[in-house]
Amino acid sequence: MNEKPIVSLRQARTNKSKFYLYTIVFILSAIYIIGLFTTPFSVSGSAASPLDTLRRIFIVPLTDMEYIVQFPVYIGYMIETVAIAYAGVTVATILAVPVAFLAARNVTKRYSYVGKALLNAIRAVPELIFAIIFVAAVGIGPYAGVLAISINSIGMLGKLYAEVIESIDQSNVDAIKASGGNRIQAMWYGVLPQVLPEFSSYSIYRFEIDVRASTVLGIVGAGGIGAPLILATYQRSWEDVGMILIVVVVFVSLIDLISGKIRKRLV
Amino acid sequence: MIEFKNVSLKYPNGHQGLKNINLKINDGEFVVIVGMSGAGKSSLIRSINRMVTPTEGKILVDDQDIITFNEKKLRKLRTEVGMIFQSYNLVKRMSVLRNVLAGRLGHTGTIRSMLGLFPQKDIQFALDNLDRVSIHEKAYTRADQLSGGQQQRVSIARVLTQQPKVILADEPVASLDPPTSHKVMKDLKRVSREDNLTTIVNLHFIDMAQEYADRIIGLRDGEVVFDGPIDQVTEKTFEEIYGRPIKEDDLLGGDDD
């Protein structure tokens, strides 16, 4: 009976790669250890007890009639928030399509980096910064919020759309060209039917994200439910903070649920 | 008539696809091109509608050199030279009927086609062509719901709907099982007979080639090594084309009738 040598599943590491591996592990551990010892973990005292604050946020608004009647006001703000997200994502969906074609490698070949650079630049800026800029430019209110949301969404949607375009099956396009169709027809009949369901799916997904993003835009004055939220926290009016959070959680969960269902049917 | 005059094709990566091809294919002929994979069958067939462009020589289609064609003339040529692909190349998310009508795009204005406003007689014609390949009842089904054989018959209907003079079929049955392959080839042969279409088919199974061809062209390493009517073809001919003895793998079998 001849013994077979033990075979490892992994390719044997060279000394060089071992050295790199150990160096990386060492540096990472060092960073964690330094981080752990230099962070102050002490809790500074506060007049209000944390338990009482939690009760005022989550229990009182749901049990005290005085607060329950105020819910419609915040639901109104939340609807404005959803409207901002909806308008923003609609604009972004339309504008992201041409940018995505520009950024797709199989459409613009080596010029695709122009579109990609543009999209990366947009995504590098947080939407709150866009919101501050637009509040300064067009004034306080939901219009600034819509602009901020739409610009920011173009960054993500454009990139996702471009990836969808890059992954299409070129054979349909070939078939239409081979039967004498022109470029526009090849795009319309060969590319669009392949990408449309995924485009809409990504747009709906982005709408979910934008609803969440719009809730904080009000903090800088760009409309929606963020403004009363930040006001209530400054005044330590925890009952109002609680009501707002409950409205936000219910709306966001509902929208996620519905959009998830729609997206499942699309793709 | 299609005429190749000293046609060579060298790909940018240096691979020599075709070497000095001289051929004449008459109107209404059913020609099968055989050869091993990499012999240049696809290059030859795709040169005729300029999906690839030869680097030397002339290809005359109805006495016009198509290698010099600009984009506009090329589109006109392609409406007259239909193509069937190995992987069917249907738009999977579109209905069968829309896929068949895609064959009319070369005859339809851009705006009209974008709005989906095909003339009623075109839609009727598309349905008639689906009927000819006996999948009329699948007209409103999504293309990806169909079996491989049905999808290839849809692509035959699509080609017929563009009313070509020539059909090029690049390995039309290579992804199908033997009985389905025979059904598809029989449909293809029948419609091309009925409409008197010049048909050029790439096949690599020699029994299929023998069964359906009027004429066989053998390719090896980008060169024509055999060209003759089917009654001159024997097993010996195929051994010459392939440059080795015939094996079981070269036969498809499975024709049940």
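**Figure 1. Surroundings of A:V138 in helix 8 of chain A.** In this predicted model, A:V138 is found in helix 8, which covers residues 127–138 of chain A. The residue is partly exposed, and its relative accessible area is 39%. Leaving aside residues up to four places away in sequence, A:V138 touches A:Y143, A:A144 and A:L147. A:A222 is 84 residues from A:V138 along the chain, and the C-alpha atoms of the two are separated by 9.8 Å.

**Figure 2. Segments of chain A listed as "transmembrane region" in UniProt.** The unreviewed UniProt entry lists residues 19–37, 84–104, 128–151, 216–235 and 241–259 of chain A under this name. Two of these segments are described here. Residues 19–37 of chain A are 100% helix and 0% strand, with 27 Å between the end C-alpha atoms. Over residues 128–151 of chain A, helix accounts for 88% and strand for 0%, and the end C-alpha atoms lie 11 Å apart.

**Figure 3. A:R206 and the residues it touches.** A:R206 lies in helix 11 of chain A, which spans residues 183–217. A:R206 has a relative accessible area of 5%, under the 20% limit, and therefore counts as buried. Not counting residues up to four places away in sequence, the residues that A:R206 touches are A:V89, A:E127, A:N152, A:S153, A:M156 and A:L157.

**Figure 4. The interface of chain B and chain A.** Contacts link 28 residues of chain B with 23 residues of chain A. About 2,100 Å² is buried between chain B and chain A, and carbon and sulfur atoms give 56% of that area. On the chain B side, B:R93, B:L105 and B:M114 lose the most area to chain A, together 29% of what that side buries.

**Figure 5. Polar and charged pairs between chain B and chain A, and the elements of chain B at the interface.** Two salt bridges are found across the interface of chain B and chain A. One of them joins A:D169 and B:K92, with the closest N and O atoms 3.6 Å apart. Nine residue pairs are in polar contact between chain B and chain A, both residues having pLDDT 80 or more. On the side of chain B that touches chain A, at least two residues each come from helix 2 (71–80), strand 6 (81–84) and helix 4 (110–114) of chain B. Helix 2 of chain B supplies the largest share of that side, four residues. The residues of the side of chain B that touches chain A comprise 11 nonpolar, 11 polar and six charged.

**Figure 6. Chain B over the range listed as "domain: ABC transporter" in UniProt.** The unreviewed UniProt entry gives residues 2–246 of chain B for this feature. Over residues 2–246, chain B is 36% helix and 24% strand, and the end C-alpha atoms are 31 Å apart.

**Figure 7. Positive phi at A:K109 and B:E171.** Most residues other than glycine have a negative phi. Phi of A:K109 is near 55°, and phi of B:E171 is near 50°. A:K109 sits in the loop between helix 6 (105–108) and helix 7 (112–124) of chain A. B:E171 sits in the loop between strand 7 (166–169) and helix 7 (178–194) of chain B. A:K109 is exposed, with a relative accessible area of 56%, whereas B:E171 counts as buried at 11% relative accessibility.

Note on methods
Residues are numbered from 1 along each chain as its sequence is written. Chains are lettered from A and ligands numbered from 1 in the order in which they are written. This is a predicted model: local features need pLDDT of at least 70, side-chain atom pairs count only at pLDDT 80 or more; totals for chains, interfaces and linings use all residues. Side-chain values use heavy atoms; hydrogens and water are left out. Buried means under 20% relative accessible area, exposed over 50%, partly exposed in between (1.4 Å probe, protein chains only). Contact means heavy atoms within 4.5 Å. Buried area is the accessible area (1.4 Å probe) that two parts lose on being put together, summed over both. A salt bridge is a side-chain nitrogen of Lys or Arg within 4 Å of a carboxyl oxygen of Asp or Glu. A polar contact is a pair of N or O atoms within 3.5 Å; within protein, one must be able to donate a hydrogen and the other to accept it, and residues adjacent in sequence count only if both atoms are side-chain atoms. Ala, Val, Leu, Ile, Met, Phe, Trp, Tyr, Cys and Pro count as nonpolar, Asp, Glu, Lys and Arg as charged, and the others, Gly among them, as polar. UniProt positions are given in the numbering used here, feature names are shortened, and annotations may be inferred rather than shown by experiment.
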